[in-house]
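Work through the exercises below with the model open. Each one sets a task and then solves it in steps.

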Amino acid sequence: MNALNFALAISETVMAIALAPLLLGLVDQCRAWLQNRRGAGLLQPYRTLRKLLKKDAVVAQTASPLFRASPYVQFGAMALATAIIPIFGTHSLLATSADTIALVGLFAIARVFTALAAMDIGTAFGTLGARREMMIGFLSEPALLMVFFTASLITQSTLLPNIVITMTSHELVIYPSLAFAAFAFVMVLLAENARIPIDNPSTHLELTMIHEAMVLEYSARHLALIEWATALKLLNFAAIGLALFLPWGLSAPGDGGLAIAASLLIALAKLALFCAVLALIETMSAKLRIFRAPEFLGTAFLLAVLGLLVHQLLGS
Amino acid sequence: MSLTPLSIILALVLAWFAVGLLGLIAPRNVAWVGRTLFPLGAAMGLAMAVAAVLAIFGATETRILAIGLPDLPMHLRLDALSAFFLALIGVTTTGISLFAAGYFRGGDGTAPGLMGLQYHVFLASMAMVVLADDAFAFMVAWETMALSSYFLVTTQHRVPEVQSAGFLYLLLAHIGAISLLLCFGVLQGGSWQFTFDAMRAADLAPAWASVAFGLALFGFGAKAGLLPLHVWLPEAHPAAPSPVSALMSGVMLKTAIYGMVRVSFDLLPHTQWRWGVVVMVVGGLTGLFGAVFAAVQSDMKRLLAYSSIENIGLIFSGLGLALLFRGMGMGTLSALALAATLYHCLNHAQFKSLLFLVTGSVMHATGERSLGKLGGLLRHMPWVAGMALIGTLAMAGLPPLNGFVSEWLLLQSYLLTPSLPHTLINMLAPLGVAVFALTTALASYVLVKFFGVIFLGQSREPTAPPARDAGLLERAGLIWLAATSVLLGLLPVLVLRALDRVNLELIGSSLGERAATWWSVMPLSSERASYSPLALGIGILVCVALTFLLVRRLYHGRIRLCTPWGCGYPQWTPRMQDTAEGFGQPIRRVFEPFFEVQRQTPTAFDSAPKYRVVVTDRWWGLIYAPIIRLVQMLSRWVSFLQQGNISLYLLYSFATLLTLLAFVL
């Protein structure tokens with residue numbers, strides 16, 4: 001039982017890491033379809049990764065060891081987060097060692113190291129990107145925490161598996177507080193993953209870029225790791241959102257083979273749906289001016305706090 | 001006299017005093033004072049920490065020393081709370097004294113020997129504050145602490161800014177002390193006994209208890225830097241030498257927290273929940289204010305001073321929560337909040353001292369305090385930068401370091417507020433936790449700015465000579481504090497066991513043995529929440545190492561070095577990097593109403609364009625300026641009496657005499 005659980009948890013994490021770039025490919029493909037383009041295909045992110053991994057790394061002379069270490073830290077932190085978050089089942093080995101607050105901390109590690117590495121070379125764009133990223137971060141991080149808190153007040157636990165189990169164990173109730181939290185979460189997800197309307201992952205426009213400005217100096221395997229970490233981050237956020245707001249269909253520890261297979265399929269279907277919705281949101285909205293980003297995130301933060309308040313008022 | 005922890009600690013306090021006096025033998029001899037006396041002081045700090053840890057798990061000890069005024073002996077008491085704070089003082093000063101040993105050099109300020117005396121008297125007085133068990137002993141130690149630190153702040157006493165910073169500090173310290181004196185006057189409750197035992201026994205009416213509590217909050221808040229009494233911190237810290245700033249910010253502010261806990265949990269046995277609300281609101285606002293202001297500073301020590309205000313705010317909001325739970329009669333929850341608060345005190349002492357010491361090394365190496373002229377020091381000072389990175393990550397509240405554990409515990413206690421049986425508080429708590437979360441997120445903004453601008457990038461003053469790394473003793477001090485930051489983060493069980501003793505003594509309930517194991521922390525139940533720093537730390541290391549090995553193994557390691565790309569712009573200078581002002585710009589925009597900003601922007605036709613932004617504290621205009629004007633007006637009126645005419649003064653004496661006679665007859 002324990003050995004099985006162990007194998008299941010490890011294979012879930014490895015599979016998630018392997019499949020994460022596919023998620024990016026799917027979003028891009030859906031976007032292309034929605035915009036009447038043919039698109040580059042689902043496997044384009046893998047081709048990019050293979051290309052990057054083959055090249056020689058070009059590193060600025062002024063780079064310090066921190067610059068070279070940062071991609072590994074980013075990837076490591078995101079991979080660890082993937083191991084903690086329930087993707088198709090609540091059997092994670094590390095679930096009890098890191099609750100939702102620690103997850104926010106893990107994301108913060110990745111963010112801080114990205115920003116520090118961007119400041120390391122000393123170019124104008126690097127520091128600019130770092131500054132903007134930290135601006136996004138200081139508003140989205142508390143908003144994410146508030147979303148988690150709303151869920152934990154309902155379920156009396158900050159542990160993600162326990163939240164999922166409590167939410168699914170009783171009959172379907174609509175929580176008004178969770179509706180606010182869900183809205184806030186989607187906004188945070190867009191901002192954290194550098195999607196439209198906050199950032200545009202597919203351009204390098206000097207005046208508006210955030211995430212891309214920070215990774216300008218990276219190339220080859222370092223850049224590949226960062227891109228992969230970006231994909232993992234999107235997967236992590238998607239999995240968190242699905243676990244909080246659509247928790248049905250996740251397998252529990254001790255489930256039989258059939259239930260696990262079913263939960264795997266359900267999880268894949270939910271992720272595909274998530275990609276489609278994300279592509280739709282991105283297609284329908286225009287990128288905000290950078291000065292508007294704090295307003296956008298401030299709204300997310302207020303919505304999340306409102307969720308908490310509504311929970312306190314209504315008791316649900 | 002048997003060898004109990006209290007007698008060991010008293011001996012160490014005396015020894016600190018003696019070490020200080022020894023410095024007067026050869027006050028200008030840096031080798032004697034620095035290389036011999038300060039390391040001795042550090043060793044005593046370590047011994048103090050060990051004795052205090054033993055005392056936490058031992059029984060409460062009291063002692064009456066027949067010194068002081070006739071019939072007013074000095075009462076001392078070593079219980080779990082004072083032992084915890086003594087341990088904090090011991091552990092932190094060990095690192096600071098080691099660093100100070102290498103730091104102080106001869107100069108035009110106070111002679112090193114004299115400074116050694118002031119420094120060690122300061123240490124001894126902080127220990128006595130924590131040990132005192134009557135109001136007289138407490139006030140004497142408290143004032144000694146204020147005065148010795150005043151002299152340390154004004155080491156460079158020939159500089160006008162230092163003089164005025166020192167004066168402001170002394171003024172607020174004394175306004176606070178007056179408030180404390182009044183507080184003790186209320187606490188004795190008509191018995192005219194000023195021992196703490198008598199105060200515990202005095203049964204105050206609820207209204208008087210609230211008065212005493214308010215006076216204590218004002219008095220200790222002035223020392224700790226609560227809004228709006230925080231103004232001395234950002235002035236005094238840049239003026240003081242770095243080890244002194246570290247000592248003041250890391251340790252002295254904590255004695256104010258000690259006093260607050262002592263008065264509100266021990267001397268006032270009947271807690272009212274309204275006190276908790278007040279403390280929580282003031283603490284939350286202080287925290288947010290400190291974080292926002294820290295983000296826009298361009299002097300590295302001012303930045304850290306505002307960040308101290310922020311942390312004090314977090315500590316007070318936790319304290320408020322503990323009072324709230326206690327006032328509602330929820331012992332275990334109160335124990336959780338108090339444990340989190342005291343844990344954060346200990347953590348803040350480590351990383352804030354570490355970062356202040358780092359600024360000392362940077363100033364020695366470059367002679368600069370302004371962030372706008374630094375940059376790229378990582379290459380020249382790898383040791384200092386490495387330790388600074390640990391301090392930065394710890395203070396930014398990243399797992400698995402120590403800042404995260406206490407913030408995690410504080411957030412957990414916030415999450416328990418819905419169980420409070422009061423609607424108003426149930427509404428207030430979500431706002432409190434929102435402000436708390438925003439503050440901690442802003443802290444990581446501040447810390448990225450601090451580390452990034454000082455150590456990363458290129459030097460913003462390319463003509464400056466290359467900086468040298470810190471010396472061996474300085475390095476030892478930094479490593480000690482960095483190591484404690486990591487250890488306290490990885491093994492919270494050590495601290496939580498000690499805090500259980502404190503909680504049992506003050507609140508009567510504790511988290512219990514099951515709340516923490518070597519492996520993980522689960523404050524109330526394992527279903528509710530758990531966090532395992534070791535698992536998370538090892539997890540991060542394993543993930544990073546695996547990634548590294550896989551990339552190493554599967555792909556070639558060819559690397560080409562070349563000039564930075566920077567979007568291919570041909571002209572590039574280090575001045576194009578963000579300055580400190582530039583990095584703080586988003587915060588200035590988002591929190592516009594917080595600041596009073598004076599901006600001077602160049603026009604297109606300026607032959608010598610100048611850009612200037614001055615950000616000032618609104619509190620000066622709101623509170624301090626009117627008070628200053630009022631005092632000046634009053635003194636102008638009073639000065640009307642002083643005409644410099646001797647016959648008029650004789651008339652005053654005569655009138656006074658007549659008035660007194662009228663009273664007597």
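Buried means under 20% relative accessible area, exposed means over 50%, and partly exposed is in between (1.4 Å probe, protein chains only). This is a predicted model, in which local features need pLDDT of at least 70, side-chain atom pairs count only at pLDDT 80 or more, and totals for chains, interfaces and linings use all residues. Residues are numbered from 1 along each chain as its sequence is written, chains are lettered from A and ligands numbered from 1 in the order in which they are written, and side-chain values use heavy atoms, with hydrogens and water left out.

**Exercise 1. Salt bridges**

Task: Find the salt bridge of B:D299 and state where each partner lies.

Solution.
1. A salt bridge is a side-chain nitrogen of Lys or Arg within 4 Å of a carboxyl oxygen of Asp or Glu.
2. The partner of B:D299 is B:R369, at 2.9 Å from N to O.
3. B:D299 sits in the loop between helix 11 (273–295) and helix 12 (300–327) of chain B, and B:R369 in the loop between helix 13 (331–366) and helix 14 (377–380) of chain B; the pair links distant parts of the chain, 70 residues apart. Helices (H or I, at least four residues) and strands (E, at least two) are DSSP runs, numbered from the N terminus.
4. B:R369 has a relative accessible area of 30%, so this residue is partly exposed. B:D299 has 12% and therefore counts as buried.

Task: Which residue pairs with A:D56 in a salt bridge?

Solution.
1. The side chain of A:D56 meets that of B:R558, with 2.9 Å from N to O.
2. This pair crosses between chains: A:D56 is in the loop between helix 2 (44–54) and strand 1 (57–60) of chain A, while B:R558 is in the loop between helix 20 (533–554) and strand 3 (559–562) of chain B.
3. A:D56 is partly exposed at 26%, and B:R558 is partly exposed at 47%.

Task: Are A:K233 and A:E192 buried or exposed, and what do they tie together?

Solution.
1. Their side chains form a salt bridge of 3.1 Å, N to O.
2. A:K233 belongs to helix 9 (residues 220–245) of chain A and A:E192 to helix 7 (residues 176–192) of chain A, so the pair ties together parts that are 41 residues apart in sequence.
3. Both A:K233 and A:E192 are buried.

Task: How many salt bridges does the structure hold over all chains?

Solution.
1. The total is 18.
2. A network of salt bridges links B:R77, B:D79, B:D133, B:D197, B:R200, B:R262 and B:D266.

**Exercise 2. Helix packing**

Task: Describe how helix 17 of chain B packs with helix 5 of chain A and with helix 11 of chain B.

Solution.
1. Axes are lines fitted to C-alpha atoms, for helices over the stretch in contact, and angles run from 0 to 180 degrees between N-to-C directions.
2. Angles under 35 degrees count as roughly parallel, over 145 as roughly antiparallel, 65 to 115 as roughly perpendicular and the rest as oblique.
3. A crossing is left-handed if the near helix is turned anticlockwise from the far one by less than a right angle, and right-handed if clockwise.
4. Helix 5 (residues 124–155) of chain A and helix 17 (residues 423–455) of chain B have axes 9 Å apart and an angle of about 155°; they are therefore roughly antiparallel. Their crossing is right-handed.
5. The axes of helix 11 and helix 17 of chain B come within 9 Å and cross at roughly 25°, which means that these two helices are roughly parallel. Their crossing is left-handed.

**Exercise 3. Backbone exceptions**

Task: Locate two cis peptide bonds and two residues other than glycine with a positive phi.

Solution.
1. Most residues other than glycine have a negative phi, and most peptide bonds are trans.
2. B:L227 and B:P228 are joined by a cis peptide bond with omega of about -5°; B:P228 is in the loop between helix 8 (206–224) and helix 9 (232–239) of chain B.
3. Another cis bond joins B:P399 and B:P400, with omega of about 0°; B:P400 is in the loop between helix 15 (382–395) and helix 16 (402–415) of chain B.
4. A:A194 has a phi near 55° and is buried at 12%.
5. B:W192 has a phi near 60° and is exposed at 62%.
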